[in-house]
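Here's a model to pick apart, with a handful of questions on its fold and its ring pairs. Have a look at it before reading on.

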Amino acid sequence: MVQLTALRGRRDERGVVAVIAALSATALLLLAGLVADLGQARDVRLQAQNAADAAALAASNALYASGAVDLAAGTAAAKAFAAQNDGVTDAQWASCADPAPLPVASGTPCISYDDASHPTRVRVVIPVRKVATPIGGLAGISNVPVSATAEATVKPGGRADCGLCVIGSGIHDIQNGNISIGGASAFFNGSVTANPNGSVTVTGPGSSISIEGTVSSVGTFTPPPSTGQQPVPDPLAFLTLPPSTAGLQAKTGDACTGGPGIYYGTFGLHTCTLQPGLYVLAGSTVEQESGLMDVKAPGVTMYFTCAATDHTPRPCAAGESGAGILLTGQAALTITAPTSGPTKGLSIVADRNNTATFGFRGNGTDPSSGTIYAVSGRFDYRGNGSGAALDSLIVVGDLTFSGNNATLASTYTQEKNLGLPPAAPYLSK
């Protein structure tokens with residue numbers, strides 16, 4: 001009897017072990033299923049993150065592609081990449097919510113920007129997708145919500161912080177001149193010298209004065225300059241020159257009545273308003289040495305280059321001086337760049353090898369706007385010569401002053417100048 005009872009006890013234990021093994025197997029299978037479900041959710045989450053990253057970068061690239069800020073283009077690019085990479089639909093964007101958007105939304109709360117006029121950040125939130133968990137449903141977890149967020153930073157205008165770029169080497173002599181740059185920074189390759197009454201002042205958030213070489217000066221620099229810096233490259237190296245002259249005819253004499261065209265020799269001017277368009281000066285100089293001349297040039301681009309023997313425009317050779325500007329006495333030029341067309345934002349442009357002088361003496365210029373580009377040329381301000389109230393991106397080879405009160409003053413805004421390609425955007429979150 002005793003032996004029989006013992007055998008029965010062992011059989012009962014074997015039954016309990018079987019039950020435990022079965023329960024354990026079920027739990028393990030359930031756990032394995034949960035792992036598989038969560039793995040699927042993780043893969044979907046990774047796909048959503050890749051889509052968010054690509055969408056944010058695409059929006060950043062599209063923001064300034066037209067030369068001016070375009071939030072709608074940025075949003076469209078973000079949606080297109082999200083649809084391509086993660087199948088996000090317009091309906092999903094419409095019902096999307098972002099718990100921490102940037103201040104300006106465009107088209108959906110889930111695509112937002114830090115500023116409507118000059119955005120530098122874009123935030124993209126991929127709409128929530130619920131990933132089904134078939135095995136997890138047995139444990140009361142029927143789905144896992146998945147979303148992803150990305151932020152990209154873009155610097156509009158590439159070198160747009162350069163309101164004044166003096167990129168020639170050597171010494172730039174300000175003497176008693178005054179340079180005032182608002183809303184951007186000033187960069188000088190080479191070295192700078194200034195007399196006691198000379199000054200360079202830049203204003204605006206983050207604005208600075210950067211000098212490749214040294215400062216030999218008792219003048220005033222505000223803020224104090226940073227010397228020994230890397231030379232600044234040509235910020236407009238991407239610009240295609242010469243501009244197209246398709247449709248332009250050869251002109252002589254009075255530009256006030258001749259209108260846009262190609263001029264050689266005398267570029268006749270007097271008090272007038274020029275017709276809008278492109279004026280190509282091949283070896284000729286805008287010049288007025290006496291008397292009153294007040295030229296208004298709305299929607300005008302002037303291109304200064306060299307001339308072939310048949311008087312047609314040609315590229316300047318390295319170190320060659322072609323057409324330039326000499327305004328003296330009471331001569332004044334008010335030029336505003338075109339707002340559309342192939343020379344949009346360009347007011348005064350010179351062949352990259354043209355070493356001509358662009359001189360403003362006496363009254364100099366009246367308020368003007370548009371990009372000034374003479375990468376090998378010299379801008380020379382003398383006497384009371386004043387580029388007053390310019391709104392220009394200024395890129396010149398050299399900048400010199402002579403006499404008292406000679407002033408170059410400019411407040412740079414991107415909208416009135418050549419649209420610069422943005423710096424490469426990068427993911428910041």
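Two residues are in contact when they have heavy atoms within 4.5 Å. Keep in mind that this is a predicted model.

Q: What share of the contacts between residues at least 6 apart in sequence join residues at least 24 apart?
A: Start with contacts in the chain whose partners sit at least 6 apart in sequence. Then keep those that join residues at least 24 apart, and the share comes to 50%.

Q: How many strands does the chain have?
A: The secondary structure mixes helices and strands. Next to four helices, the count of strands is 30.

Q: What percentage of the residues count as buried?
A: The cut-off for buried is under 20% relative accessible area. The chain has 429 residues, and the part that counts as buried is 46%.

Q: How much of the exposed area do carbon and sulfur atoms supply?
A: The chain exposes about 19,200 Å². Of that area, carbon and sulfur atoms supply 57%.

Q: Is Gln49 buried or exposed?
A: Gln49 lies in helix α1, which spans residues 2-63. Leaving out residues up to four places away in sequence, Gln49 touches Ala148, Thr149 and Ala150. Its relative accessibility is 17%, and since the cut-off is under 20%, Gln49 counts as buried.

Q: What kind of aromatic pair do Phe304 and Phe358 form?
A: The structure holds four aromatic pairs, so let's take one of them. Phe304 and Phe358 have their rings 5.1 Å apart, centre to centre, with 90 degrees between the planes. Planes over 60 degrees apart count as edge-to-face, so the Phe304 and Phe358 pair is edge-to-face.

Q: Which strands does the pair of Phe304 and Phe358 link?
A: The two residues are 54 residues apart, so the pair links distant parts of the chain. Phe304 is buried at a relative accessible area of 0%, and Phe358 is buried at 0% as well. Phe304 sits in residues 300-307 and Phe358 in residues 357-361, which are strands β20 and β25.

Q: Which residue joins Phe304 and Phe358 in a cluster?
A: Ring pairs link Phe304 and Phe358 into a cluster with one further residue. That residue is Phe379.

Q: Is the pair of Tyr381 and Phe401 stacked or edge-to-face?
A: Tyr381 is buried at 2% relative accessible area, and Phe401 is buried at 1%. Their ring centres are 5.7 Å apart, with the planes at 25 degrees. Planes under 30 degrees apart count as stacked, so the pair of Tyr381 and Phe401 is stacked.

Key. Residues numbered from 1 in each chain as written. Predicted model: local features only at pLDDT ≥ 70, side-chain atom pairs only at ≥ 80, totals over all residues. Heavy atoms only, no water. Buried < 20%, exposed > 50% of the residue type's maximum accessible area, 1.4 Å probe, protein only. Areas by Shrake-Rupley, 256 points an atom, 1.4 Å probe, with all protein chains shown as cover. Phe/Tyr/Trp six-rings, centres within 6.5 Å; stacked < 30°, edge-to-face > 60°.
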